[in-house]
Amino acid sequence: MATSFASVSFTPSPRSASWCFLLLEHLDEFATLAWYLVADGKLVEDTLARTIAKLDMTAFESSAPALAYSQARDILITQAIAVLSDARREENENRFFRPESFGSLPDHPRLAFMLRLIIRSSEAEVAKFLGVSPSEVKGLVKHAIDRLSVVPPISESTGCYDA
């Protein structure tokens with residue numbers, strides 16, 4: 001998916017060096033998390049760029065590494081959701097619609113499913129990220145599971161069978 005929304009301009013500050021080191025130290029984990037949420041290489045790049053820009057405006061607490069990690073993770077999740085929202089808005093404005101594939105889910109149920117069951121965030125955290133109530137999170141996850149449970153396996157839909 002090619003997007004044309006403006007890239008985030010980023011001029012590093014001395015404070016950003018600490019955040020960049022933290023992100024580099026956990027790059028595989030943060031990149032994987034972004035991929036799970038946006039499922040598109042360009043959107044992962046946009047997510048990481050926005051995350052770095054947002055972290056640059058956030059105080060880095062070197063005496064509490066777990067807090068700094070948690071802040072970076074939360075900002076990355078928030079920015080991934082914002083990037084995905086911007087991409088969908090742009091698709092709608094350009095009237096560019098992809099045909100839905102087997103097992104495709106609307107963004108909110110897919111994000112709720114990924115955050116809750118794959119990434120193992122609490123219902124309260126997922127609700128905060130998606131701007132919904134915890135009971136709505138349960139409904140979104142249930143919708144995702146129900147939708148995915150009626151989709152045939154990929155091997156069946158492509159004609160590939162183990163015999």
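This briefing walks through an aromatic pair, two helix contacts and one residue of helix α3. Please keep in mind that the model is predicted. A search of the whole structure turns up two aromatic pairs, and one of them, Trp19 with Phe60, is described here. After that come the contacts that helix α5 makes with α4 and with α2, and finally the surroundings of Thr51.

**Aromatic pair**

- A pair of aromatic rings is described by the distance of the centres and the angle of the planes.
- For Trp19 and Phe60 the ring centres are 4.7 Å apart and the planes stand at 90°, so the pair is edge-to-face; the cut-off for that class is an angle over 60 degrees.
- Trp19 belongs to helix α1 (residues 14–25), while Phe60 sits in the loop between α3 (41–56) and α4 (65–93), so the pair ties together parts that are 41 residues apart in sequence.
- Trp19 is buried, at a relative accessible area of 2%, whereas Phe60 is partly exposed, at 25%.

**Helix α4 against helix α5**

- Two packed helices are described by the angle between their axes and the distance between the axes.
- The axes of α4 and α5 (residues 107–118) come within 12 Å and cross at roughly 160°.
- Angles over 145 degrees count as roughly antiparallel, and α4 and α5 are therefore roughly antiparallel to each other.
- The crossing of α4 with α5 is right-handed.
- On the α4 side, the contact involves Ile77, Ile81, Leu84 and Arg88, and on the α5 side Asp107, Arg110, Leu111 and Leu115.
- By residue class, this contact of α4 with α5 has five nonpolar, three charged and no polar residues.

**Helix α2 against helix α5**

- Helix α2 (residues 27–38) also packs with α5, at an angle of about 145° and with the axes 8 Å apart.
- Tyr36, Leu37 and Val38 are the α2 residues in this contact, and they meet Arg110, Leu111, Met114, Leu115 and Ile118 of α5.
- The residues of the α2 contact with α5 comprise seven nonpolar, one charged and no polar.
- Arg110, Leu111 and Leu115 of α5 take part in the contact with α4 and also in the contact with α2.

**Thr51 in helix α3**

- Is Thr51, a residue of helix α3, buried or exposed?
- Thr51 has a relative accessibility of 0%, so Thr51 counts as buried; the cut-off is under 20%.
- Leaving aside residues up to four places away in sequence, Thr51 touches Ala72, Ile75, Leu76 and Gln79.

Key. Residues numbered from 1 in each chain as written. Predicted model: local features only at pLDDT ≥ 70, side-chain atom pairs only at ≥ 80, totals over all residues. Heavy atoms only, no water. Phe/Tyr/Trp six-rings, centres within 6.5 Å; stacked < 30°, edge-to-face > 60°. Helix = DSSP H or I, 4+ residues; strand = E, 2+ residues; numbered from the N terminus. Buried < 20%, exposed > 50% of the residue type's maximum accessible area, 1.4 Å probe, protein only. Axes fitted to C-alpha atoms, helices over the stretch in contact; angles between N-to-C directions. Parallel < 35°, antiparallel > 145°, perpendicular 65-115°, else oblique. Left-handed = near helix turned anticlockwise from the far one by under 90°. Contact = heavy atoms within 4.5 Å. Nonpolar A, V, L, I, M, F, W, Y, C, P; charged D, E, K, R; others polar.
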